[in-house]
Each structure stands twice: as C-alpha cells, then as structure tokens.
Amino acid sequence: MRIQKTLSDMPILLAKKYSVEQPAFADELDSIDANNLKCTSYKLNKLNNDRLLFSDILIATYLGLSLLENWKVLTDRNNGLISIERNRLNLIEEEAKNRNNLRELMKQYRQQRNHIKSVTYDTNVVIEHLKSQVEDSAINAEARSRYMDGWQRARTEQHVQMINDVEASPTNSIEYYKHRMDSEQRVHHEIELLLNIKIGEILAKVESWMNKYDADMEKIELKIQHKQNEHQKIFDKRVELEETLEKHQKLIQNWQKFKDDREEARLFEEKMNNAAVTVQSWWRGLLVRLELGPYKPVNKPVKPAEKKKKTK
C-alpha cells in the first residue's frame with residue numbers, strides 16, 4: 001500500500017523535489033476521473049486522508065485539553081463532520097429530484113417528438129397533393145399551348161395566301177425591273193473588266209517592288225540568323241551557368257541538411273545523457289535514503305577485549 005501510495009503521489013513528489021510551483025488553491029474534483037472511480041489510487045488517497053483527519057482531530061483535541069481544558073475542539077470537529085454528512089444527504093436528495101425531473105423532461109420530449117412526427121406526416125401528405133395538382137395544371141397548360149400553336153400556324157398561312165393574291169399585279173412590274181437590272185449588271189461587268197486591266201498593270205509594278213522587297217528581306221534574314229546564332233551561344237552559356245548554380249544549391253542544401261542532422265543527433269544524445277544522469281541520481285539518492293544495496297549499513301564486529309570486559 002505504501003508503494004502504491006508513493007507511485008500515485010509521484011507527480012506531486014517530483015514537483016516538490018524540483019521546486020515546481022504549485023497552484024495556491026486546488027479543487028479536489030480536478031484530479032478525479034468520473035469514469036474510473038474504483039481506481040486504487042483514489043482508495044489510497046481516501047484512506048490516507050481519513051488517517052490524517054483522525055490524527056489531526058486527536059492532536060487538536062489533545063492541545064485543546066492541554067491548553068483550554070475543554071472538549072470544544074472535538075465538538076467543533078464533530079459538528080463539522082455532521083454538517084458535511086447532512087450536505088451529502090442533501091446532495092443525494094437533490095440528485096434524486098433532478099433525476100425525476102430529467103425523467104419527466106424526457107417523457108415530454110418524446111411526446112413532443114411524436115407530435116412533430118404526426119404534423120410532419122400530415123404536411124407531407126398535403127405537399128404531395130399540391131404536387132399532383134401542379135402536375136395536372138402543367139399538362140393542361142401544355143395541351144392548350146399546342147392548340148394555340150396550331151391555330152397560329154393556320155392563321156399565318158391564311159394571311160400569306162391573302163397577301164399573295166393582293167400582290168399578284170405588282171409582280172409583273174418587278175420582273176420588268178429585273179430585266180433592267182440585268183442590263184445594268186452587264187455594264188457593270190464591262191467596267192469591272194477595264195478596272196481589272198488597270199489593276200493588272202498596277203500589280204506588275206507591285207511585283208517588281210516585291211522582288212526588291214524579297215532581296216532586302218534576304219539580307220535582313222542573314223543578319224537575323226547571325227544574331228540568332230549569337231543569341232543561341234549566349235543562351236547555351238546561360239543554361240550551363242544555371243545548371244552549375246543548381247548543382248551548387250544542391251550541394252549547399254545537402255551540407256545544410258547534414259549540419260541539421262548532426263545538430264539534432266547531438267541534441268538527442270545530450271538530452272539522453274541528461275535524462276540518464278537524472279534517473280541515476282534519483283536512483284542513487286533513493287538507495288541512500290532507504291539504505292539499500294551497497295549503502296546498507298554494516299554491523300561492525302566486536303573486539304575480543306571488549307567481550308572479556310563485558311563478561312567480567
């Protein structure tokens with residue numbers, strides 16, 4: 001039990017050993033897991049607290065009897081325990097009342113949910129009925145639109161025939177003007193032929209200028225080719241420099257990674273050494289305090305002369 005108690009209090013002992021600051025006020029319920037109330041550490045803490053309470057009451061009673069010569073301290077402690085027990089009983093009653101209230105609320109919740117389900121079902125039925133009405137209305141509207149389209153086509157054909165009957169007389173005039181248009185078109189073609197001849201002469205001149213342009217362009221292309229060759233050389237040199245720079249960057253990254261890995265390994269080794277030294281120091285201190293192992297006290301042998309004196 002002592003070992004289990006020490007193991008359960010190990011975080012607090014370590015905090016006190018290494019001077020870790022503790023909160024001024026700590027709630028007892030903060031360190032309790034509601035799902036693991038049957039833990040051995042809780043039982044040990046309860047047993048230890050009961051023992052401490054009993055010892056404190058005895059010490060306080062003894063001091064009260066010695067100094068004040070009365071039982072006031074014991075009666076106060078007894079009244080305090082009675083009040084704690086009453087509060088506990090009140091809490092149990094309140095919990096029972098809360099459970100009954102919760103049961104009633106759950107019952108009301110189930111009734112409300114059933115009511116909502118029934119209302120939802122009725123609403124869905126109404127929605128389905130309205131959907132069927134909307135579908136029927138859409139079918140009727142489509143049938144009416146088809147009837148209206150047929151009626152409009154018939155009326156359109158009727159009006160077209162009436163217009164053709166009315167415009168029969170102007171058709172002859174239109175044919176006459178078509179013949180005149182054809183004659184004008186022939187004149188237009190002859191004029192166009194003359195213009196084409198003139199355009200041909202102009203194109204010949206343009207051809208000569210184009211030949212001159214081609215010669216000039218060949219010279220310019222030679223210059224451009226020369227410039228392209230120079231540009232290609234410069235581009236190749238730049239690509240080579242970029243490859244060299246990329247290789248240098250890779251070397252620098254590899255070196256930086258090597259340095260980081262080496263520093264990480266050194267920090268890990270240093271951390272492990274510090275942890276080993278801490279554990280070894282704690283273990284040796286525990287052996288020294290408990291006088292175990294090589295630190296166990298050895299009984300010194302008694303000399304013969306001292307034995308004789310003792311016998312005399």
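Trainee: In this predicted model, is Glu95 buried, partly exposed or exposed, and why?

Mentor: Buried means under 20% relative accessible area and exposed means over 50%, with partly exposed in between. Glu95 counts as partly exposed because its relative accessibility is 40%, whereas Arg99 counts as exposed because its value is 53%.

Trainee: How many residues apart are Arg99 and Glu95, and what do their side chains form?

Mentor: A salt bridge is a side-chain nitrogen of Lys or Arg within 4 Å of a carboxyl oxygen of Asp or Glu. The side chains of Arg99 and Glu95 form such a contact at 3.0 Å, N to O, and because these residues are four apart in helix α4, about one helical turn separates them.

Trainee: Which other salt bridges can I look at in helix α4?

Mentor: Among them is the pair Lys72 and Asp76, with its salt bridge at 3.1 Å, N to O; both residues belong to helix α4 (residues 72-166) and stand four residues apart, about one turn of the helix. Glu142 and Arg146 make another salt bridge, at 3.0 Å, N to O, and they too lie in helix α4, four residues apart. Arg146 counts as exposed at 58% relative accessibility, while Glu142 is partly exposed at 42%.

Trainee: How should I read a pocket, and what lines the second largest pocket here?

Mentor: Rolling a probe the size of a water molecule over the atoms shows where empty space is left. The second largest pocket holds about 310 Å³ of space, and of its eleven lining residues, Thr6, Met10, Leu13, Trp282 and Leu286 lie nearest its centre. By class, the lining has seven nonpolar, one polar and three charged residues.

Key
Residues are numbered from 1 along each chain as its sequence is written. This is a predicted model: local features need pLDDT of at least 70, side-chain atom pairs count only at pLDDT 80 or more; totals for chains, interfaces and linings use all residues. Side-chain values use heavy atoms; hydrogens and water are left out. On a 1 Å grid over the protein atoms alone, a cavity is a set of points where a 1.4 Å probe fits but cannot get out, and a pocket is an open set with protein on both sides within 12 Å along at least five of seven lines; lining residues have an atom within 4 Å of a point. Grid points are joined across faces, edges and corners, and a volume is the space filled by probe spheres set on the points. Ala, Val, Leu, Ile, Met, Phe, Trp, Tyr, Cys and Pro count as nonpolar, Asp, Glu, Lys and Arg as charged, and the others, Gly among them, as polar. Helices (H or I, at least four residues) and strands (E, at least two) are DSSP runs, numbered from the N terminus. Buried means under 20% relative accessible area, exposed over 50%, partly exposed in between (1.4 Å probe, protein chains only).
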